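Thanks for coming. I'll put the sequence and the model on the screen and then go through a few places in it.

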Amino acid sequence: MKVTALLVVATSLIWGSFGKPQFPEREKDPKFWNTWAQRTLKNALTLQNFNTNRAKNLVFFLGDGMGVPTVTAARILKGQLNGQSGEETQLEMDKFPFVSLAKTYNTNAQVPDSAGTATAYLCGVKANEGTVGVSAAGVRSQCNTTRGNEVTSILRWASDAGMSVGIVTTTRVNHATPSAAYAHSVDRDWYSDNEMPDEALRDGCKDIARQLFDNIPNIAVILGGGRKYMFPKNTSDVEYAGAAKHSGTRKDGRNLVQEWIDKKKAKKGHYVWNKKQLLSLNPNNVEYLLGLFEPADMTYNLERNTETDPSLTEMVEVAIKILKKNPKGFFLLVEGGRIDHGHHEGKAKQALHEAVEMDRAIGLADLMTSVHDTLTVVTADHSHMFNFGGYTGRGNPMFGLAPMLSDVDQKPFTSIAYGNGPGYKLVNGGRENVSTVDYQENNYQAQAAVPLSMETHGGEDVAVFAKGPMAHLLHGVYEQNYIPHAMAYAGCIGENRDHCSGRSAAPRRPALAAAAALLAAARLLC
C-alpha cells in the first residue's frame, strides 16, 4: 500500500508539473470546435458529386509497414518538427477525401509479408508469403511452381496501354515491393543469381535483378538502391571501393547496368548513382532514367548524406517531371520502404522519420499533378507490432517518456513500445530503466514485450487514402487485391475498359475546372 501511495503521489506530481493545460487557449471555446466541424462538414458535402473523369495518371504511394499507429505517430512527429504539439497536424494523406481499410492477410498467412501483399495490391490477386508476381499456386522457393502461375501488375497494364511507367523506392529496386511490379519469382530473396540455389538456376528461374530489365524493357524511371546485384561478382562498388560487402554479386558475369546503358543510350537514357548527377539532369532531355544510389537499400533519411544521396521527395520530383511528358499519362509506384526496416530493428525514430519524408513526397506529387486527371492512392502493405500510449499529455514528445512510473516495477517507460523485437532487455533480472539511457537517440531500440532479434509485422487492416478520378471506388473494407482493380478501372487499363468510351481525362467544361480550383483555394485558406 505504501508503494502504491508513493506511486500515486509521484504520478500526481508529474501530471501537476504540466501546470496549466498544455493546449491552445482557443480550444477552451466551443465555438472553435463547432466552426472546425462545420468547415469539415461543408467540405464533405462537396464530395457528393463524384469525380468520374478518366484518370490519365495513376500515382501509388506505398508505405512499407505503415500501419495506422505509424500514421498517427508520424502525424504528431510532423507537427512537432514544425514547432506544434502535433496532434492537430494534418499529414498530406490526411487531406485525401476517401479513406478505407484493406485486409492484408496472405493466402497462407494470417500476418503477411511484403511480397505476398505486393502481389495483391499490384497484381490484383492474393498470393503466398515470400512470393512475388505469381499466384497462390506458386510455392516459395520451388522454382518448378513458377511457370504457368505468373500474374501481371498494374504497372504492366499501364505500360501496355502506352502510359509511361516508373518505380521509386528507398529500398533496393529488386526488393519485395517494387519487384512485384515487374518480376515473377517464387522467392523474394532471389535478388541476383548469387542468392539462388543451383537447382532453381538449372530449372530456368531468373533472378529478380535480371527480370527488372528483361520483363518490361520500357520502364522509364527506376530509382532506388541495389547496385551490387547488377554487377559481376567481386566488382568493386563505385562509391565504396574495396568494401567487399558492397561489391558485385552476380555469378553469371553480366553487368546489367552497362547492358541497360547500351540499349538506352540512343533513346535518351541516363544512368546516375549520386544526387548531383540526378539533379543535374534536364528532364526534358531524358526518356529513360536508371538511378542506383546504394549497393543495397538506401540509408535512413536521418542518416542520409544530403550532399550525395537524394531524398525520396527529390527522386519523386525528377520521376514525375520525366513521366508526365507522355500525353497518354503515366503510372508511378513510390515506396517509402525503410519505414518497415526501422520497425523491424525496433528503431521507432528511424521508422517515423521515414514516414514523414514519404508524406513530404506525397505533398510534392500533389503540387505537380491535378486532382482532375490524376488518381493518387496511399496505403501500406501491412502493419507492425508498434504502438504508443501511457496517458501522455498533449504535446508529449513523440520519443519521450510516459508521465508516470510503472506500478509494477516502479520504473519509467517511453510512450512508444513494441509487442516484440530487439528492444527487450533485462538488467539485473528486471526491465531496463530507460532513464539511464538516451531514449531519444536516433537508433534507440524501444522496449519490447517479447524478445526477438527482429520485430515482426502486425496483422490488422491498413488504411487506404485516395483522391482524384474514381477515388470513391476505394471505400469501406475490402480485400487488398481489390486496389489495383479499382485503379485500373479509373485509368481505363487492364480488363475493365468497356465503360471508357466518351470518358475524358479532364473536366468537360472549363467552368467546372475553374470552380473546382476556386473551391480548392478556399479550402486551403480556411
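Start with the second largest pocket, which has a volume of about 260 Å³. It is lined by 15 residues, and those closest to the centre of the pocket are Thr146, Glu150, Gly204, Cys205 and Lys206. Sorted by class, the lining of this pocket holds seven polar residues, four charged and four nonpolar. Keep in mind that this is a predicted model.

Next, a loop residue. Where is lysine 126 found? Lysine 126 sits in the loop that runs between helix H4, residues 114–123, and helix H5, residues 154–160. Is lysine 126 buried or exposed? Its relative accessible area is 13%, and the cut-off for buried is under 20%, so lysine 126 counts as buried.

What does the side chain of lysine 126 reach? One partner is the backbone oxygen of tyrosine 105, at 2.7 Å. The backbone oxygen of lysine 103 is another, lying 2.9 Å from a polar atom of the lysine 126 side chain. Both of these residues also appear in the contact list of lysine 126, which leaves aside neighbours within four places in sequence. That list further includes Thr104, Thr107, Ala120 and Ala136, as well as Glu479, Gln480 and Asn481. As for histidine 472, it is 346 residues from lysine 126 along the chain, and the two C-alpha atoms are separated by 23 Å.

Now a second loop residue, threonine 89. Threonine 89 lies between helix H3, residues 68–81, and strand S2, residues 98–103. With a relative accessibility of 11%, threonine 89 is buried too. Its side chain makes a polar contact of 3.0 Å with the side chain of glutamine 84. The threonine 89 side chain also reaches the backbone oxygen of glycine 86, at 3.1 Å. If residues up to four places away in sequence are not counted, threonine 89 touches Arg75, Lys78, Gly79, Gln84 and Asp94.

Last, helix H13, which covers residues 348–368. How far apart are the end C-alpha atoms of this helix? They are 31 Å apart. The helix has 21 residues, and at 1.5 Å a residue it should span 30 Å, so the two values agree. Why is H13 described as largely enclosed by the rest of the structure? Because 18 of the 21 residues of H13 are buried.

That is the end of the list. Questions are welcome.

Note on methods:
Residues numbered from 1 in each chain as written. Predicted model: local features only at pLDDT ≥ 70, side-chain atom pairs only at ≥ 80, totals over all residues. Heavy atoms only, no water. Helix = DSSP H or I, 4+ residues; strand = E, 2+ residues; numbered from the N terminus. Buried < 20%, exposed > 50% of the residue type's maximum accessible area, 1.4 Å probe, protein only. Polar contact = N/O pair within 3.5 Å; in protein donor to acceptor, adjacent residues only side chain to side chain. Contact = heavy atoms within 4.5 Å. 1 Å grid on protein atoms, 1.4 Å probe; cavity = no way out; pocket = protein on both sides within 12 Å on 5 of 7 lines; lining within 4 Å. Points joined across faces, edges and corners; volume = space filled by probe spheres on them. Nonpolar A, V, L, I, M, F, W, Y, C, P; charged D, E, K, R; others polar. Expected span 1.5 Å × (residues − 1).
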